[in-house]
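Me: I would like to go through the surface and the internal spaces of this model. Please take the points one at a time.

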Amino acid sequence: MLGGTWFLGRAVVVEALRRGHDVTTFNRGKTGQDVPGAQVVRGDRSRHGDLAAAVAAGPFDVVVDPSGYVPVDVAAAAHALAARVGRYVFVSTVDAYEDWPHAPITERSPLHECPPDVAWGSLPYGHLKAGCERALAAAWPGELVVVRPGVLLGVREPKGRLPWWLRRMERGGRVLAPGEPERRLQPVDVRDAAAFVVDLAEGRADGPVNVVAPQGHTTMRRLLQACAAVVERNAELVWLPDDALVAAGVREWTELPMWRPAPGTWAVDATRARAAGLVCRPVTQTVADTWRWMKSGQQVAEHWRTAEHGIDPAKEGELLRSWLGEVRPGPGR
């Protein structure tokens, strides 16, 4: 496991150990605690000498890589491990697709253009992941599986999408609910994604596969109602349509997490994943377990984008008053 202490990577380690596999993690030890039971090798994948130490801990049946973001570093890991590993499972993203989120996506949809030898630079995240995929395709001689997750939610979530909504419901009152209430969402519980990744590591399927829930798995209304129910507060959902939010300059995807009106956002084909065995638990269970974890006081290393999530309460209040035709009280009133 290249990583193994953060969100999806950690969940994969937990699941693999639960199934009785021997697991070795290779990471810097900076973004989370090691999972008990895993053999730990410290190192930075961008340094050749550290990679050699990881290789020396083998041989391995499979490498799972949820921490590859730079094409040249991914290629280096592939070259270093090729003689000691038979199968490579790389965690990419639906953001690697050129048309996402503007159009429906399948595994055959084109990826962003990004050379496989990019060392770093100003390219967006999705472009870099596409470059990583190309680097692996050129460098890896054995079995290669590429998983492209959409939104992952659940316990230990570092980006804070679901935790933000839960905290917002905890405050109660009128809650700005974004867009179309029956908009179909495709989030996957991180534990289900991890179980599926281990399935793929064990040889269930090859090639690229989108890791998203099937259409109809949940809606924005059901997700937000689940959040309101589990925190047991008096939260009233007030729905504002997409055009009103866009006109008000609300930042999609971040100020109101998981709200994005682009038609392809939640139109990612899940057929191949379902055929390969991906099973998604009810969103109500994901919400309840996440809230239980949050109330336990456990902490995780936050993602660098965590601070982007959530709308300012004053802005939310002003939008609600404007939508409902209310006049804001002035001084002395």
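Reply: A patch is made of residues with over 30% relative accessible area and no salt bridge, and nonpolar side chains are joined within 5 Å. The model is a predicted one.

Me: Which residues form a nonpolar patch on the surface?
Reply: The residues of this patch have about 350 Å² of accessible area together. One of them, Trp 120, lies in the loop between strand 4 (85-91) and helix 4 (125-139). The patch is formed by Tyr 69, Trp 120 and Tyr 125.

Me: Does Trp 120 count as buried or exposed?
Reply: Exposed means over 50% relative accessible area. The relative accessibility of Trp 120 is 56%, so Trp 120 counts as exposed.

Me: Which elements give two or more residues to the lining of the largest cavity?
Reply: The structure holds one cavity of 30 Å³ or more, and the volume of the largest cavity is about 50 Å³. Its lining consists of Leu 153, Pro 187, Val 188, Asp 189, Asp 192, His 217, Cys 280, Arg 281, Val 283 and Thr 286. Two or more of the lining residues come from each of strand 9 (188-189) and helix 10 (283-295).

Me: How many residues in the lining of the largest cavity are charged?
Reply: Asp, Glu, Lys and Arg count as charged. The lining includes Asp 189, Asp 192 and Arg 281. By class, five lining residues are nonpolar and two are polar, while the charged ones number three.

Me: Is Gly 216 exposed, partly exposed or buried?
Reply: Gly 216 sits in the loop that runs between strand 10 (207-211) and strand 11 (218-219). Partly exposed covers the range between under 20% and over 50% relative accessible area. With a relative accessible area of 43%, Gly 216 is therefore partly exposed.

Me: How far apart in space are Gly 216 and Val 279?
Reply: In sequence, Gly 216 and Val 279 are 63 residues apart. In space, C-alpha to C-alpha, the distance between Gly 216 and Val 279 is 14 Å.

Me: Which element supplies the largest share of the lining of the second largest pocket?
Reply: The second largest pocket has a volume of about 570 Å³. Of its 25 lining residues, Asp 22, Val 23, Thr 24, Phe 60 and Val 62 are the closest to its centre. At least two lining residues each come from helix 1 (8-18), strand 1 (24-27), strand 3 (60-65) and helix 6 (190-201). The largest share, five residues, comes from strand 3.

Me: How many residues of the lining of the second largest pocket are nonpolar?
Reply: Val and Phe count as nonpolar, and Val 23, Phe 60 and Val 62 are among the residues closest to the centre of this pocket. In the whole lining, four residues are polar and three are charged, and the nonpolar ones number 18.

Key:
Residues are numbered from 1 along each chain as its sequence is written. This is a predicted model: local features need pLDDT of at least 70, side-chain atom pairs count only at pLDDT 80 or more; totals for chains, interfaces and linings use all residues. Side-chain values use heavy atoms; hydrogens and water are left out. Patches are made of residues with over 30% relative accessible area and no salt bridge: like charges are joined within 9 Å, nonpolar side chains (Val, Leu, Ile, Met, Phe, Trp, Tyr) within 5 Å. Accessible areas come from the Shrake-Rupley method with a 1.4 Å probe; for residues, only the protein chains shown count as cover. A salt bridge is a side-chain nitrogen of Lys or Arg within 4 Å of a carboxyl oxygen of Asp or Glu. Helices (H or I, at least four residues) and strands (E, at least two) are DSSP runs, numbered from the N terminus. Buried means under 20% relative accessible area, exposed over 50%, partly exposed in between (1.4 Å probe, protein chains only). On a 1 Å grid over the protein atoms alone, a cavity is a set of points where a 1.4 Å probe fits but cannot get out, and a pocket is an open set with protein on both sides within 12 Å along at least five of seven lines; lining residues have an atom within 4 Å of a point. Grid points are joined across faces, edges and corners, and a volume is the space filled by probe spheres set on the points.
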